[in-house]
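Here are my notes on the model you sent over. Have it open while you read, and go through the points in order.

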Amino acid sequence: MAGEKKSDLTPQEKKARRAQARAQETRARRAEREAMAMERWAVMRQKGMRHYVIKQGLITWTLMTSLIYILLLGVSLKFKFTSEILLQVGMAVFFFAIGGVLFGTATWYLSESRYKRHLAEKERLRTLKKGKK
């Protein structure tokens with residue numbers, strides 16, 4: 001196979017080789033994106049869990065869900081807000097904030113788990129390379 005010319009390959013073999021090459025490229029891109037994400041996470045985790053939960057959960061989640069909720073509610077009411085509706089919006093924002101804290105906490109632990117797996121895999125590969133030398 002190594003000494004064969006490309007013209008000697010059947011169309012099915014050519015197709016299989018192209019698929020293998022694409023799969024290999026995809027794995028390489030995925031590994032590169034994962035490494036970049038883990039570098040960003042290493043910086044983020046240095047700021048601490050509280051900072052992450054406040055920024056990603058409380059602020060980002062609460063603002064985004066509240067904005068979407070208010071826009072959808074406004075469209076359905078043709079933007080005629082009454083004091084009763086404003087109270088409802090206030091309560092919704094309060095519950096979105098609680099959800100944001102839960103979301104931020106959950107994503108912190110998921111990211112930490114992913115980061116630890118990444119470090120373990122990195123260490124495993126480093127050990128394998130040392131063993132080959």
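1. Let's start with one end of a cross-helix contact. Arg-114 has a relative accessible area of 34%, so this residue is partly exposed (buried is under 20% relative accessible area, exposed is over 50%, and partly exposed is in between, with a 1.4 Å probe and protein chains only). Before going on, a word on the source: this is a predicted model, where local features need pLDDT of at least 70 and side-chain atom pairs count only at pLDDT 80 or more, while totals for chains, interfaces and linings use all residues. Residues are numbered from 1 along each chain as its sequence is written, and side-chain values use heavy atoms, with hydrogens and water left out.

2. What does Arg-114 meet in a salt bridge? The partner is the side chain of Glu-34, at 2.8 Å from N to O (a salt bridge here is a side-chain nitrogen of Lys or Arg within 4 Å of a carboxyl oxygen of Asp or Glu). Glu-34 sits in helix α1 and Arg-114 in helix α3, so this pair links distant parts of the chain, 80 residues apart. Helices are DSSP runs (H or I, at least four residues), numbered from the N terminus. Glu-34 is partly exposed too, at 26% relative accessibility.

3. The salt bridge count comes to 4. Another of them joins the side chains of Arg-45 and Glu-112, at 2.7 Å from N to O. This one also links distant parts of the chain, with Arg-45 in helix α1 and Glu-112 in helix α3, 67 residues apart. Buried or partly exposed: which is each partner? Arg-45 is partly exposed at 30% relative accessibility, whereas Glu-112 is buried at 9%.

4. Arg-124 and Glu-121 make a more local salt bridge, if you go by sequence: they are 3 residues apart in helix α3, about one helical turn. Their closest N and O atoms are 2.7 Å apart. Arg-124 has 43% relative accessibility and counts as partly exposed, and Glu-121 is partly exposed at 35%. As background, an α-helix has 3.6 residues a turn, so residues three or four places apart point the same way.

5. Now the aromatics. A search of the whole structure turns up 6 aromatic pairs (rings of Phe, Tyr and Trp, the last by its six-membered ring, pair if their centres lie within 6.5 Å; planes under 30 degrees apart are stacked, over 60 edge-to-face, and the rest tilted). Take Trp-41 and Tyr-52: their ring centres are 5.2 Å apart and their planes stand at 85°, so this pair is edge-to-face. Trp-41 belongs to helix α1 (residues 11–46) and Tyr-52 to helix α2 (residues 49–76), so the pair ties together parts 11 residues apart in sequence. Both Trp-41 and Tyr-52 are buried. Ring pairs also bring in Trp-108, giving a cluster of Trp-41, Tyr-52 and Trp-108.

6. How are the rings of Trp-61 and Phe-103 arranged? Their centres are 4.6 Å apart and their planes at 25°, so they are stacked. With Trp-61 in helix α2 and Phe-103 in helix α3 (residues 83–132), the pair ties together parts 42 residues apart in sequence. Trp-61 is partly exposed at 32% relative accessibility, and Phe-103 is partly exposed at 34%.

7. Helix α2 is worth a look in its own right. Its 28 residues reach 38 Å from the first C-alpha to the last, close to the 40 Å expected at 1.5 Å a residue (the expected span is 1.5 Å times one less than the number of residues). α2 bends by about 25° at Thr-60, the bend being the angle between axes fitted to the seven residues ending there and the seven starting there. Buried residues in α2 include Val-53, Gly-57, Thr-62, Ser-66 and Leu-73.

8. Last, the surface. Leu-67, Ile-70, Leu-71, Val-75, Phe-79, Phe-81 and Leu-86 make a nonpolar patch of about 640 Å². Patch residues have over 30% relative accessible area and no salt bridge, with nonpolar side chains (Val, Leu, Ile, Met, Phe, Trp, Tyr) joined within 5 Å and like charges within 9 Å; areas come from the Shrake-Rupley method with a 1.4 Å probe. α2 gives the most to this patch, with 4 residues. Val-75, in helix α2, is exposed at 57% relative accessibility.

Terms used: Helix = DSSP H or I, 4+ residues; strand = E, 2+ residues; numbered from the N terminus.
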